[in-house]
Amino acid sequence: TLHSSLRGFGKQCARRFVETKALSMTWITPRTSRLTWRRAIQLLSDMPQQQNQPTVLIVNQVLAILKDANKGHLAFDVLHSLPSIRIQPDLVSYNTVTSALERSSSWQKGV
């Protein structure tokens, strides 16, 4: 079972695994994520060190979390960091960041 395979990793590792899985699966049901924007960014930045390559779907979920938290400037920064992790933003990425910038009154940064 999943529980027995995670037992050896300890509570911290198991929690991180579950959160990473939650982040990677939330694209199926957006807005159900209970991750805070800080935790979402932390999980995204930790993924390569854990041998997990983020996908554009995961990045879009992080951008949506940032938009909902009125963190347009951070969404903009995440968008511009994508080439460094070899992710091509899609239309959803750009629309989410545009909406986040507008919502957080940081739209001048996007111009």
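This briefing covers the fold, the nonpolar core, helix H5, Ile65 and one pocket. The model is predicted. Its chain holds six helices and zero strands. Of its 111 residues, 37% count as buried.

**Fold**
- Along the sequence, the pattern reads α-α-α-α-α-α.
- Take the contacts between residues at least 6 apart in sequence: 64% of them join residues at least 24 apart.

**Nonpolar core**
- The largest nonpolar core has 20 residues.
- Which members touch the most others? They are Leu44, Val59, Leu63, Ala75, Val78, Leu82 and Val97.
- Four helices give two or more residues each to this core: H3, H4 (56–68), H5 and H6 (91–103).
- H4 provides the largest share, six residues.
- Val59 shows how the packing is made: beyond its neighbours within four places in sequence, Val59 contacts Leu44, Val78, Leu82 and Ile87.
- As a general background, nonpolar side chains in soluble globular proteins tend to be buried together.

**Helix H5**
- Gly72, Ala75, Phe76, Val78 and Leu79 are the buried residues of H5.
- They lie on the same side of H5, because they span an arc of only 160° around the axis.
- An α-helix has 3.6 residues a turn, so residues three or four places apart point the same way.
- H3, H4 and H6 are among the elements that cover the buried residues of H5.

**Ile65**
- Ile65 sits in helix H4.
- Is Ile65 buried or exposed? Its relative accessible area is 10%, so Ile65 is buried, the cut-off being under 20%.
- Ala40 lies 25 residues from Ile65 along the chain, yet their C-alpha atoms are separated by 7.6 Å.

**Second largest pocket**
- The second largest pocket contains about 150 Å³ of space.
- Its lining consists of Ile41, Leu44, Ser45, Asp77, Val78, Ser81, Leu82, Ser84 and Ile85.
- Helices H3 (37–46) and H5 (72–81) each supply at least two of these lining residues.
- By type, the lining divides into five nonpolar residues, three polar and one charged.
- Leu44, Val78 and Leu82 appear in this lining, and these three residues are also among the core members that touch the most others.
- Val59 is in contact with Leu44, Val78 and Leu82 as well.

Key
Residues are numbered from 1 along each chain as its sequence is written. This is a predicted model: local features need pLDDT of at least 70, side-chain atom pairs count only at pLDDT 80 or more; totals for chains, interfaces and linings use all residues. Side-chain values use heavy atoms; hydrogens and water are left out. On a 1 Å grid over the protein atoms alone, a cavity is a set of points where a 1.4 Å probe fits but cannot get out, and a pocket is an open set with protein on both sides within 12 Å along at least five of seven lines; lining residues have an atom within 4 Å of a point. Grid points are joined across faces, edges and corners, and a volume is the space filled by probe spheres set on the points. Ala, Val, Leu, Ile, Met, Phe, Trp, Tyr, Cys and Pro count as nonpolar, Asp, Glu, Lys and Arg as charged, and the others, Gly among them, as polar. A nonpolar core is a set of buried Ala, Val, Leu, Ile, Met, Phe, Trp, Tyr and Cys residues joined through side-chain atoms within 4.5 Å. Buried means under 20% relative accessible area, exposed over 50%, partly exposed in between (1.4 Å probe, protein chains only). Contact means heavy atoms within 4.5 Å. The arc is that of the directions from the helix axis to the C-beta atoms.
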